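User: Hi! Could you walk me through this structure with a few questions and answers?

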Amino acid sequence: MTNSPLTPGIVSGRLPAAALAANFADVEPPLDRHEAMVAADRCYFCHDAPCITACPTAIDIPLFIRQIATGTPEAAATTIWTQNILGGMCARVCPTETLCEEACVREAAEGKPVEIGRLQRYATDIAMAKGLHPFTRAASTGRRVAVVGAGPAGLACAHRLAMHGHDVTIYDARDKPGGLNEYGIAAYKTTGGFAQAEVAWLLSIGGIVIETGKALGRDFTLDDLRARFDAVFLGLGLQGVNALRVPGEALARDAVDFIAGLRQAGDWADVPVGRDVVVIGGGMTAVDAAVQSKLLGAETVTIVYRRGPEKLSASVYEQEHAKTAGVRILTNAAPVAVHGDGAAAEVEFAYTEEGPDGLRQLPERFRLKADQVFKAIGQTLAGVPEGLALTGGKIAVTGPGRTSIPGVWAGGDCAAGGEDLTVTAVAEGRDAAEDIHAALAAGRGRG
Amino acid sequence: MASLATEFVGIRSPNPFWLASAPPTDKQYNVVRAFKAGWGGVVWKTLGEDGPPVVNVNGPRYGAVWGADRRLLGLNNIELITDRPLEVNLREIKQVKRDWPDRAVVVSLMVPCEEESWKAILKRVEETECDGVELNFGCPHGMSERGMGSAVGQVPEYIEMVTRWCKQHSRMPVLVKLTPNITDIRYPARAALRGGADAVSLINTVSSITSVNLDTFSPEPSIDGKGSHGGYCGPAVKPIALNMVAEIARDAETRGLPISGIGGITTWRDAAEFIALGAGTVQVCTAAMTYGFRIVQEMISGLAQYLDSKGMTLGDLRGRAVPNVTDWQYLNLEYVTKARINQDLCIKCGRCYAACEDTSHQAIAMKPGRVFEVIDAECVACNLCVNVCPVENCITMERLPPGATDPRTGRIVGDYANWTTHPNNPMARAAE
Ligand SMILES: Cc1cc2nc3c(=O)[nH]c(=O)nc-3n(C[C@H](O)[C@H](O)[C@H](O)COP(=O)(O)OP(=O)(O)OC[C@H]3O[C@@H](n4cnc5c(N)ncnc54)[C@H](O)[C@@H]3O)c2cc1C
Ligand SMILES: Cc1cc2nc3c(=O)[nH]c(=O)nc-3n(C[C@H](O)[C@H](O)[C@H](O)COP(=O)(O)O)c2cc1C
Ligand code: SF4
């Protein structure tokens, strides 16, 4: 091996293969049976449990934990999947510390919640390994629904529709289904090709066809779909990226792009990364880009966020995770320029201050050495078909995902409302499917 | 999924999970919520004679025993039978049965040991169109002081007499609920059978004092500084109940008498065990009182999954373990096992060592690095280490195959031999 963390520039193979393998192993290894039993034993089976309320898909958590405790993880998985068909992925990627586990009464009692996410993984892993898929299709209705986007929202919607007996075609612009499960989530959260395995498992219900490499707006229009299908669901996610709007921006790269490349790499040793990496942003994407840069062997990685630490949208848990990985988090500093000749060399920042008129840049400046700069200041909706009403930069919806166009529903990141999380996308896809099903049954749908 | 539909003495329910006669079944509001949660049936809280209802204490009526993490293991109560007017209960029972025709509604009764009293109440209960009655001969506190409850259940002749009256004066199936506060459960069960009972249900609660307050020197629950023994129930009493159910299931006289199993049932596993020992339905009280009605969902999914995994029907499971309950004298003395400690699972707490070294057979060696190993030449296979180990399946019992030499006794292990033919048994029958 020739490269090391100290090698200047953007190069691959900074760490030996064994170190890379260890770095990208399961961040939270699965519970074994004994651990699961001890963890499950801690659940109090609360009445009207706060964890259920805190889960966007409202999984019956006390019930599934009780089913684990009584030695029936398969039944537990059924309980989970009944509400959340991507319960396996959510078990891995949900920020449980701000969802179910934050609400756990044992968090209040002892500051140590029941490990709901890990128990959820325990149950779904066992059931999936056994090839269980506890749902079957209802008799065919002969109705056809188009789903655009094979991310969590589209997949959840498609599965529920297929269950109700409708025929679903999913179109996705990318080569592989899964959306950000396949291209976005940090690699150490979903190891071993889980995203594709889960999609294959989900499709095993039947009645769903996925056509990849087919983009709405490029290969067909919304009107085409409305003409050919009884209903349309849009789960487009957020395909645009916010710009820094500073000189030298071209020298910086989109963090989501870097992550997508990393997720698709066959070998960690092939993924190039800078020696000194600067990530601009304060959310989950910034943390994921920073941590994974560090795991690839970057010598220094710094997240720089323009507002104060209390405004960071990455959870405290995520921040701790980043710090433990060796990432430095700077706050109250806004980029003013990326310097470099053909490649980034430094980023210049202005100190900032929160004032009565909002955030204000102070005259004082500083520079960080950077041979790689990532932008992670938010994704935006892009490529929305004309005629759809928007609100706050997202597709406006009422109730369970009804858009302004009759017969067209939307959910997940592209739709207004809810946090941009995998689990929220699943909930919205599922609920839209129920609404589509009801509409088709009532003879509505195609507008 | 396996069907859990149950028919018990002609009473149908969608599953074998019934709520036992107790506070959870004391009123329509509760019972309707229970049915919505999925319970297959209820035994309504015990009704008494018409007239002024019984009164309960107005201070605490429960005491408890907890395990680690304050898990409720045993509950004791000094509650009496329903303290609501008979008329109200009967009206609600009728309404519930009308609204929930597919669920079992059995009514528990306790009136003085006089034929007229039983005749009178049976007539009124029959008018509710409930599915059957259960005779509460089990309540060990309060009512027993008045010659009812376990005061009846402890005298087989009374059980037989009252059961006979009930069969005479009613067309309904009669379940006789037995008290565990006796020496041999077979006598009251046989008496119930002789009296014509369609089934027995057991157990009611066990006479108990859960704790004593060391500041006030009052038993708990304390009523103004005094306490009275209560009835114990919950997970702690399950072993007592299982044995009593098994005794009735395998007794020559009562074999085949339908049994509704009660006592500490908390999960599908507990229920399956009662069913395997012959119970046709199971009844639950403490678990519902601890966790709410929703626990039945785990019982339903768990039992169905278990039956599927075994390829059995509910009927196949019923009584499946009964032939394996035997007398000590028939146990195979050639079944020689040794404890084995899985070093990969061992967390090196040393509890097995303390147990064996201090109180048993000095058959575990503690080696450098806190490595615990069984000494086969000393191990009598008592199972204590298995039971005290905090890690499930870390210590297991492995059988020595026939033909092997037991290093403890130097004997060659045979196939089968029991006490009845053992040379040390003065009553041994010569092997033929
Ligand atoms: C880097 C990163 C890390 C994240 N980590 C987490 C995490 O740990 N936990 C968590 O809960 N959430 C996380 N999220 C958020 C989460 O991934 C999203 O909220 C979720 O994936 C949204 O699902 P979706 O189905 O709405 O969209 P997406 O997952 O984005 O899927 C949209 C799909 O639509 C397709 N598509 C888009 N436009 C078209 C078109 N015109 N024609 C055809 N197909 C199209 C896309 O190719 C894509 O497959 C993360 C997000 C990012 C960016
Ligand atoms: C508070 C309380 C009240 C009870 N009242 C009655 C009763 O009125 N009639 C009766 O037959 N059994 C009564 N029981 C006994 C239960 O029906 C049941 O037999 C016993 O609690 C064992 O079951 P468990 O371990 O599931 O609680 C009562 C139990 C409790 C805890
Ligand atoms: S459970 Fe508590 S609040 Fe309810 S009646 Fe009993 S003592 Fe009162």
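User: Into which domains is chain A divided?

Analyst: Happy to help, and please keep in mind that this is a predicted model. Domain 2 of chain A is made of two stretches, 144-239 and 381-441, and domain 3 likewise joins 243-254 with 264-375. Adding the stretch 33-129, chain A is divided into domain 2, domain 3 and domain 1.

User: Which helix gives the largest share of the side of domain 1 of chain A that touches domain 2 of chain A?

Analyst: The C-alpha centres of these two domains lie 26 Å apart. Their contact takes 18 residues from domain 2 of chain A and 12 residues from domain 1 of chain A. By class, the domain 1 side has 8 nonpolar, 3 polar and 1 charged residues. Its largest share, 5 residues, comes from residues 87-93 of chain A, which form helix 6.

User: How do the residues of the shell around ligand 1 divide into nonpolar, polar and charged?

Analyst: Ligand 1 is surrounded by 40 residues, with Gly149(A) and Gly412(A) among the closest. Elements of chain A that give two or more residues to this shell include helix 10 (152-163) and strand 2 (167-172). The shell residues divide into 6 charged, 13 polar and 21 nonpolar.

User: What should helix 7 of chain B span, and how far apart are its end C-alpha atoms?

Analyst: Buried residues of this helix, including Leu242(B) and Ile248(B), belong to a set that packs against elements such as helix 8 (268-276) of chain B. The helix has 13 residues, so at 1.5 Å a residue it should span 18 Å, and its end C-alpha atoms agree at 18 Å apart.

Technical notes: Residues numbered from 1 in each chain as written. Chains lettered and ligands numbered in written order. Predicted model: local features only at pLDDT ≥ 70, side-chain atom pairs only at ≥ 80, totals over all residues. Near = placed C-beta within 6 Å. Helix = DSSP H or I, 4+ residues; strand = E, 2+ residues; numbered from the N terminus. Nonpolar A, V, L, I, M, F, W, Y, C, P; charged D, E, K, R; others polar. Domains from an automatic or database assignment. Contact = placed C-beta atoms within 7 Å. Expected span 1.5 Å × (residues − 1). Buried ≥ 20, exposed ≤ 12 C-beta atoms within 10 Å, placed from the backbone.
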